[in-house]
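Biologist: I would like to learn how to read a folded chain feature by feature, taking the general idea before the particular case. Could we do that together with the model open in front of us?

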Amino acid sequence: MSKQIAPLAERQAWNALEAHYKTVRELHLRELFADDPKRGERMATEAAGLYLDYSKNRITDETLKLLLQLAEESGLRERIDAMFRGEKINVTENRAVLHVALRAPKGASIVVDGENVVPEVHAVLDKMTDFSNRVRSGGWKGHSGKRIRNVINIGIGGSDLGPVMAYEALKHYTERSMTFRFVSNVDGTDFAEAVQDLDPAETLFIISSKTFTTLETMTNAHTAREWSVKGFGGDETSVAKHFVAVSTNTEGVAKFGIDTENMFGFWDWVGGRYSMDSAIGLSTMLAVGPDNFRAMLDGFHQMDEHFRTTPFDRNLPVLMGLLALWYNDFFGAQTIAVLPYEQYLKRFPAYLQQLTMESNGKHVTLDGKKVSSDTGPIYWGEPGTNGQHSFYQLIHQGTRVIPCDFIAFNKTLNPLGRHHDILLANVFAQTEALAFGKTPEELKAEGTPDWLVPHRTFEGNRPSNTIVAERLTPESLGKLVALYEHSVFTQGAIWNVDSFDQWGVELGKVLAQRIIPELESRTEPALNHDSSTNNLIRRYRRFKEAS
């Protein structure tokens, strides 16, 4: 990309927004709705089967106009086009950013370094499909001739969070005769509990590591290898039937004992947190089957095309990204709560934490200069209605502005009496209560004693989006994930940061590699850390020696 983007403070729309904020910051949603009876219908848009109601945000038409102008001035359209063209917009690693190619249909063309990558993507998908069909049908046999009944994915970060979230989200569609588990933490408890009740003869491990060198993943992988081989009386040839790899390191995979025919590759233009729809999703395909996996990819692609082609004023990811930036940079809101009213989406907020905070938790712009505004709000959340009985108190009556995204589905996958009506009533009630609150006058009119009125007053004016889909399917899950991917992209483009590197995860890992031998050394090591770290190391070593 050749176009230089002016610093935020020099963008006309940014300065206009700063002035505009001063005029609207005291406006209450009660007034905004009273002045515009059609606001709830007008400030809503629908695309790719997702309905977004953004009317309960602290914005006016002028706010929206200025935010959209900011997107234009920030080169968002050019950035979107550059990504879809395969340009190397991850500047610090000189890489293209092409998770959108992972869900492009056959026949599409996305070129990186002169080569159309779409045929490669579909070759891997076809290989995954063939393998999944064999395992699910019982055609793939373990070393002793037993069929595989247990699948354990070993990975960390994007190689774990995506597969775990997708498995939980699509549990309704999974093969119930099989058990799926996920190991990520280097804490040995994670592995020990995952295999506690399993038979090695019926267990398949997927080792998900692009480089096949990630410390946590390879530590767990070698522990899994020992556990599995032990189950076959030490026969190391058993590894080939009980381990497959998602990696690009052919030599490392072969050395581990995995048949490289059972290695599923991906590319350096796929970031870890954007990889759940690549071969990293092999456990997902095994769980839900190839047809459902491809339906999920189609959902991703529908949202990609909406993001790529739709004018910004009706573009769901753009609108959500602009609203997140409005609260983060003008209201000083440090967090965004994601509140899915769907139990299957219980891991969705945790998945979004990596997607959003690893992407935009940056302190310098693309040209290495310090950012002039806050970046990367903290995303968090839990499923409703559980959260209503824990942290909603703070959202309703606390002192912080916490924008909320409510996610709901018109139809449930598990119809049980009145449950779904009650669930959806809570979604609509919470957004109404957050927006409009309850005034002292209303409380007094109800007969609330004067001394109790302050405690029971709800100020309201708490912003929220409501996202509604028909039902949770593989397709709608793909749409939801892509919605947030592109919202993150929108925010990063305006802050002019590299949303696709993650140098911030490196330093601690490097230091850990230095400390490991200091903890394991049989002789007292010379320590050259700070006094706190030195003391902690010595204290741990004394404990080890004493036990």
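The dialogue below goes through strands and sheets, then helices, then empty spaces.

Modeller: Please keep in mind that this is a predicted model, in which local features need pLDDT of at least 70 and side-chain atom pairs count only at pLDDT 80 or more, whereas totals for chains, interfaces and linings use all residues. Residues are numbered from 1 along each chain as its sequence is written, and side-chain values use heavy atoms, with hydrogens and water left out.

Biologist: In what order do the five strands of the open sheet with parallel pairing lie?

Modeller: Helices (H or I, at least four residues) and strands (E, at least two) are DSSP runs numbered from the N terminus, and two strands pair if DSSP finds at least two bridges between them. Here the five strands follow the order E6-E5-E7-E8-E9, and the edges are formed by strand E6 (179-183) and strand E9 (263-264), each of which pairs on one side only. Strand E5 (residues 150-154) runs parallel to E6 and is joined to it by five bridges; within this pairing, Asn 153 has Phe 182 of E6 as its bridge partner.

Biologist: Which strands does helix H9 lie across?

Modeller: For such packing, contact means heavy atoms within 4.5 Å, while axes are lines fitted to C-alpha atoms, for helices over the stretch in contact, and angles run from 0 to 180 degrees between N-to-C directions. Helix H9 (residues 215-231) lies across E5, E6, strand E7 (203-208) and strand E8 (243-246), and its direction is at about 160° to that of E7.

Biologist: Is Ser 228 of that helix buried or exposed?

Modeller: Buried means under 20% relative accessible area, exposed over 50%, and partly exposed in between (1.4 Å probe, protein chains only). Ser 228, which lies in helix H9, has a relative accessible area of 1% and is therefore buried. Leaving aside residues up to four places away in sequence, Ser 228 touches Pro 200, Phe 205, His 242 and Phe 243. Glu 78, placed in helix H5 (residues 76-85), counts as partly exposed because its relative accessibility is 31%.

Biologist: Which strands stand at the edges of the six-stranded sheet, E1-E2-E13-E12-E10-E11?

Modeller: That sheet is open and its pairing is mixed. E1 and strand E11 (378-380) are the edge strands, each with a single partner strand, so one side of each has no neighbour in the sheet. Direction ignored, neighbouring strands of this sheet are turned by 15° against each other on average. Strand E1 (residues 44-47) runs antiparallel to strand E2 (residues 50-53), with four bridges between them, and Thr 45 has Leu 52 of E2 as its bridge partner. The hairpin of E1 and E2 has two residues between the strands, and Ala 48 there takes a positive phi near 50°. By contrast in direction, strand E10 (residues 335-340) runs parallel to E12 through four bridges, with Val 338 partnered by Asp 405 of E12. Helix H15 (residues 348-360) packs on this sheet, touching E10, E11 and E12, at about 165° to the direction of E11.

Biologist: Why does the end-to-end distance of helix H13 agree with its number of residues?

Modeller: The expected span of a helix is 1.5 Å times one less than its number of residues. For the 20 residues of helix H13 (residues 290-309), this gives 28 Å, and the end C-alpha atoms are 28 Å apart, which agrees. Among the buried residues of H13 are Phe 293, Met 296 and Phe 300.

Biologist: How many cavities of 30 Å³ or more does the structure hold?

Modeller: Rolling a probe the size of a water molecule over the atoms shows where empty space is left. On a 1 Å grid over the protein atoms alone, a cavity is a set of points where a 1.4 Å probe fits but cannot get out, a pocket is an open set with protein on both sides within 12 Å along at least five of seven lines, and lining residues have an atom within 4 Å of a point. Grid points are joined across faces, edges and corners, and a volume is the space filled by probe spheres set on the points. The structure holds three such cavities, and the largest has a volume of about 90 Å³. Of the 14 residues lining the largest cavity, Met 320, Ala 324, Ile 336, Asp 405 and Asn 465 are the closest to its centre. H14 gives the most to this lining, with four residues.

Biologist: Which helix gives the most to the lining of the largest pocket?

Modeller: The largest pocket has a volume of about 1,200 Å³, and H21 gives the most to its lining, with five residues.
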